[in-house]
Amino acid sequence: DMNIKSVNGSSGYLVDNTNDGDVTINGDITVERYMSADMWHNVASPVSNAGSSVFTGTDLVFYYDETLILNDWNFGWVMYSGSLDVDKGYDVYFYNTPVTVNYTATGAESVNTGAYTMPVAITNSTPGEIASHKGWNLVANPYPSPVDWLASSGWDKSDINDAKYIWDGSNNIYTIYVGGGSPIGINGGTRYIPSNQGFWVQAVNNGSIGISNAVRLGD
């Protein structure tokens, strides 16, 4: 069995340093994620078959559907209960008590690994939302490890702006990291996206964002 721990401010992750990257966990796997109380969290599932029931103590679980915004980007929020898509980010609110979420992989379930393609959309309607409110998609770091926004391979960002945004509930602000030729962090944003983290990207086309194991790198 393996348990990847998480506490306030940091989470563990598995590093496979074998020559062939062929470590196999034959038992059960639990990936923890500490969630502070009284704030929203952008989250993602690091295992293949998790459901919204892992978010114990709250029914405030939402995903964002950009195609619903029409003339108001707030219309994109959809309350949700059910299986968690590994290529989708979710927004979750916990009330008065911090919660350690336990994502488990047992039997046919597995920890996420390999390549994923996450759909992104930009909706143009008449009359429509203003340009800066269009194209926002809440996607996922599906892995039980951090990923590097500046990784030299493993990303396909051809349908998005080269920037990622993560909600910082403690300070009620988005941390931002802009890639490209002169990368820069804003509001404390870094090149790393934490384990099983939901994050925002802005689409420039209807298409997708691609991610693979090549981007996985710890800080």
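I will talk about two nonpolar cores and then about a run of three paired strands in this predicted model.

Let me begin with the largest nonpolar core, which has 22 residues, and in which Trp149, Trp155, Phe199, Val201, Ile209 and Ile211 are those with the most contacts inside it. At least two residues of this core are supplied by each of four strands, namely S10 (116-120), S11 (136-140), S18 (198-202) and S19 (207-211), and the largest share, 3 residues, comes from S10.

If we take Val201 as a viewpoint, and leave aside residues up to four places away in sequence, then Val201 touches Val120, Gly135, Trp136, Asn137, Val139, Trp149, Ile160, Ala163 and Ile209. Apart from this core lies another one, of 20 residues, which includes Met2, Ile29, Val47 and Val101. As general background, nonpolar side chains in soluble globular proteins tend to be buried together.

Ala163, which is among the contacts of Val201, also brings us to the strands. Strand S14, residues 163-168, pairs with strand S15, residues 173-178, in the antiparallel sense over 6 bridges, and within that pairing Ala163 has Val178 of S15 as its bridge partner. The hairpin of S14 and S15 has 4 residues between the strands, and there Asn172 takes a positive phi near 50 degrees.

Moving on along the chain, S15 is joined by 3 bridges to strand S16, residues 184-186, and these two again run antiparallel. Here Val178, the partner of Ala163, stands opposite Ile184 in S16. The hairpin of S15 and S16 has 5 residues between the strands, with Gly180 taking a positive phi near 85 degrees.

Note on methods:
Residues are numbered from 1 along each chain as its sequence is written. This is a predicted model: local features need pLDDT of at least 70, side-chain atom pairs count only at pLDDT 80 or more; totals for chains, interfaces and linings use all residues. Side-chain values use heavy atoms; hydrogens and water are left out. A nonpolar core is a set of buried Ala, Val, Leu, Ile, Met, Phe, Trp, Tyr and Cys residues joined through side-chain atoms within 4.5 Å. Buried means under 20% relative accessible area, exposed over 50%, partly exposed in between (1.4 Å probe, protein chains only). Contact means heavy atoms within 4.5 Å. Two strands pair if DSSP finds at least two bridges between them.
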